[in-house]
Structure formats: structure tokens, C-alpha cells
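Got the viewer open? Let's take a walk from the whole fold down to a single helix, with a stop at the ligand on the way.

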Amino acid sequence: MARVMIVGAGGVSNVVASKCAAQQEFSDILLASRTIEKCNQIAESIGSPKITTAQLDADNVSETVALIKGFRPDILINVALPYQDLHLMEACLETGVDYLDTANYEPPEEAKFEYSWQWNYHDRFKEAGITAILGCGFDPGVTGVFTAYAQKHYFDEIHYLDIVDCNAGNHGQAFATNFNPEINIREITQKGRYYENGQWIEVEPLSINRAISYPEIGDRQSYLLYHEELESLVKHIPTLKRARFWMTFSQSYINHLQVLGNLGLTRIDPIDYEGTPIIPLQFLKRLLPEPSSLAENYTGQTSIGCHIRGIKENQEHSYYVYNNCDHAESYKEVGSQAISYTTGVPAVIGALMVVKGLWKKAGVFNVEQFDPDPFMDLLGDLGLPWHEVINAANPFPD
Ligand code: NDP
């Protein structure tokens, strides 16, 4: 039986707390976040005696250390924001507690995410004999596990990887983001980037797009984005010749984003408003719906998967592995929409992998560096059944 501390009390945290409470491997759960009322709300809605709550500013390392020392968790699951990653890793190092997150660090003042900051902690985690698992949501997360599973079972060499992420849901709002608006808009307004023949190729934001067909959904316009798992997958699967990431957006979403950008509302540098410095994107976040509030009326499905091509015994093969998740079903089960659900469930499975000793290595790791089989075995049981198409038609002829 293990003790787990969950940091953050947003949409993803609600799923992580619900699913942890349902696992017999977890005896005690501490839910800690900046706004304790949100922790209490989640705890009340789950109604499990395993859960206690606490107020925490996760950017304050000594405050986190004190809370960890009082609760003595076996693992800390960080589902606050990427800005907190390094502070929480420091607190884990000081207390000897394993660490897991779902999004890689980015500095608040620059919209630039990369693994280097967290990979730099590898030697310290190794010396301390504790595990850090980075990016264990769906994408990043399951997409890395899917790729490792393909590598283990179907390919001698993987050459082409296209990660495809479709949200075909409808929340009825004119404009809203499915996870934290600030993090989401920073990601989408960055330049696109993909890997080809040993080089990173940069393109203007959302400038490359094509229709991609998704199971049970059909064709959806999908845009090439830079996404964090590309960086780690290219490093850990060195036979890759090309790796790309695609995400669907509706025309209305793109139009809204363009107008907001043209007005300067997606800027992350401070501006002076009547003597008070404000960051336009943070102001915009205040105006937009909380992602968790979208859940109640959300209909439709998400579909996220990996199209992979490569060789096995000198023969060319293709492989497609994916999960479809229904917004309304997720809401019925845990009161969250499918984006939070598909992020929270893998985080809980990753934590189970660590506390069961299956993914317990000293150092800082990405999910594709572990055996994918026990993780894949649990995905369906915990609510994310996956499907595979062997020698699938290639949707990316070029
Ligand atoms: P939310 O904005 O709904 O929740 C974030 C939570 O973190 C809030 O409760 C917030 O508190 C809390 N928080 C922020 N700063 C601090 C701090 N300094 N100390 C303590 N708590 C803090 O985000 P989501 O639940 O949608 O997303 C959570 C994480 O999951 C994000 O990092 C996101 O990038 C990641 N994600 C990963 C995906 C994947 O597939 N890998 C997909 C989707 C999301 P308050 O309420 O007071 O603001």
C-alpha cells in the first residue's frame, strides 16, 4: 500500500484523485494546491476517506518539503502547471520522494518548453536513488508508451512517426481551451517544428495542415505543431527518420486565436495598465471558461494515436495504435471532460508502475525508456481501451 501526494486541483487533478482513490494500491492521498477550496471541492465530490487536503504554493520549495515531511508520500504526482516542475523536483530530492508529471518545464517569461531543464536533474535523482517520470499524460505520455510498444513488438527499426490528436467534441462555448488556457495558447502560438533526417525543421505557427481520418470520427483538418514528446522520442528511438505531431482545430477556433493574437491578447510580456503591469495572456485566461467547467455539457470523442512505419525482418510495415475517449462518458464516470480524463488516467498508471516497482529506476526518465507492456495492460482496465491496426493504410504518402 502506497501513499500519494497530488499537487494541483484543476481538471486533470480531479481525474487523478478519483482514480487513485479507486486503486487498492493507494492507502492515503493528500491533495494539495494553491486554492484549498478547489481541493476540498474535489475531495467532497469523490467522497473517499483516503483523501485529505492542504493548501500549498508549489513554487515555495520549503513549504512543499514541510508538507511532504508531514504526510510522507511514496510518490508525488504533479498536475499543477509546468512552471512548478523544477520546484517540485527540488522538494522531492530533498525528501527522497519519487516524482511524476504530465508536462515539461517551461519558464514563465518565455514560451519555450524543452526537456533540458528536467533532464539536468538525472544525476541528482540517480544519486538520491529516486525516480522521476516526465510527461506521463496522454500526449506526452501514452504516445511514448505506444511508440515503445510498437518498437518492442512490431519493428526492428521505426522510421516514421506521426502522432495524431483529434478532439471532435463540442462544449457549446464560442471559444475555450481544454486544458489550462495559458499553457495551451502558449503551445499553439509557437512556431511549428518537426524532425526530419537528423534536423529540426521550423515552420510558421499552424502553417502546415491537412485532413486526417480518425476512427469513428472521419476526416478532420489537422495542424502540424511542435509537441514535447517529439524531443524525447527522437533521442530514445534513434532510427527515426521523421517525427511529426498533428492536432485538430476547428476553423472557428483558429479564427478566434488569430483575432486574439492580432489584438495582442496572447502576449506574455508585461504591459502597463494604468500603473499596474499585467500579462495579456494571463488576463485573457481570467476571461475564458475554466477547462473543468466545460465537462458537464461536452459531447463527442477524442481520438489520439500513433501512425508508425518502419522495418521488421527487412520488410516494410505500418502500424496504427490509438484510443478514442468519449467526453460524456468521462463526465458520467468522474465528472471531467475527456482531455482531463485522458491525461489523468495515464498519470495514475505511471504512479502505479513506480509504486509496484515495475518502473522503479534511479534517475530522470521519459516513459518510452520503460517496458511498455505492464502500462498497456492497465490502460484499458483504467478506462482507456486501445486498438491497433497492423499494416494499416498509410495516411501520410509524402
Ligand atoms: P488547470 O489550470 O485546470 O489546473 C492547474 C492547477 O494547478 C490549478 O488548481 C492551480 O491552482 C494549480 N496551481 C497553479 N500554480 C500553482 C502553485 N504555484 N502552487 C500550487 N498549485 C498551483 O490545468 P489542467 O488540470 O487542465 O492541467 C494540469 C496539467 O496537465 C498542466 O501542466 C497541463 O499542461 C497538463 N496537461 C498534460 C496533458 C498531456 O496529455 N500530457 C494534456 C493536458 C494537460 P489555482 O486553481 O489556484 O489556479
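A term to settle before we start: a residue counts as near a molecule when its C-beta atom, placed from the backbone, lies within 6 Å of that molecule. Keep in mind too that this is a predicted model.

**The whole chain.** Show everything as cartoon. You have 14 helices and 18 strands on screen. Along the principal axes, the C-alpha trace spans about 55 × 55 × 40 Å. The radius of gyration is 20 Å, which agrees with the value near 21 Å that a compact globule of 398 residues would have. Switch to colouring by burial and 48% of the 398 residues come up as buried. Among contacts with a separation of 6 or more, 71% link residues 24 or more positions apart.

**Two domains.** Now give 2–134 one colour and 142–335 plus 381–390 another: these selections are domain 1 and domain 2. Their C-alpha centres lie 23 Å apart. Where they touch, domain 1 puts in 15 residues and domain 2 puts in 14. Which helix gives the most to the domain 1 side of that contact? Select helix 1, which supplies five residues there. By class, this side of domain 1 has seven nonpolar, six polar and two charged residues.

**The ligand.** Leave the domain colours on and bring up the ligand with its shell. Why does the ligand lie between the domains? Domain 1 and domain 2 both give residues to the shell, so the ligand sits between them. Expand the selection and you should get 34 surrounding residues, with G10, V12, A58, G137 and F179 the closest. Two elements give two or more residues to this shell: helix 1 (11–21) and helix 13 (338–355). Recolour the shell by class and it splits into 15 nonpolar, 14 polar and five charged residues.

**Helix 7.** For the last stop, select residues 142–153, which make up helix 7. Put a distance between its end C-alpha atoms: they are 16 Å apart, which agrees with the 16 Å that twelve residues should span at 1.5 Å a residue. Is helix 7 largely enclosed or left open by the rest of the structure? Ten of its twelve residues are buried, so helix 7 is largely enclosed. To see them, show side chains for the buried set: V142, T143, G144, V145, F146, T147, A148, Y149, A150 and Q151.

Notes
Residues numbered from 1 in each chain as written. Predicted model: local features only at pLDDT ≥ 70, side-chain atom pairs only at ≥ 80, totals over all residues. Helix = DSSP H or I, 4+ residues; strand = E, 2+ residues; numbered from the N terminus. Nonpolar A, V, L, I, M, F, W, Y, C, P; charged D, E, K, R; others polar. Domains from an automatic or database assignment. Rg over C-alpha atoms; globule rule 2.2 N^0.38 Å. Buried ≥ 20, exposed ≤ 12 C-beta atoms within 10 Å, placed from the backbone. Contact = placed C-beta atoms within 7 Å. Expected span 1.5 Å × (residues − 1).
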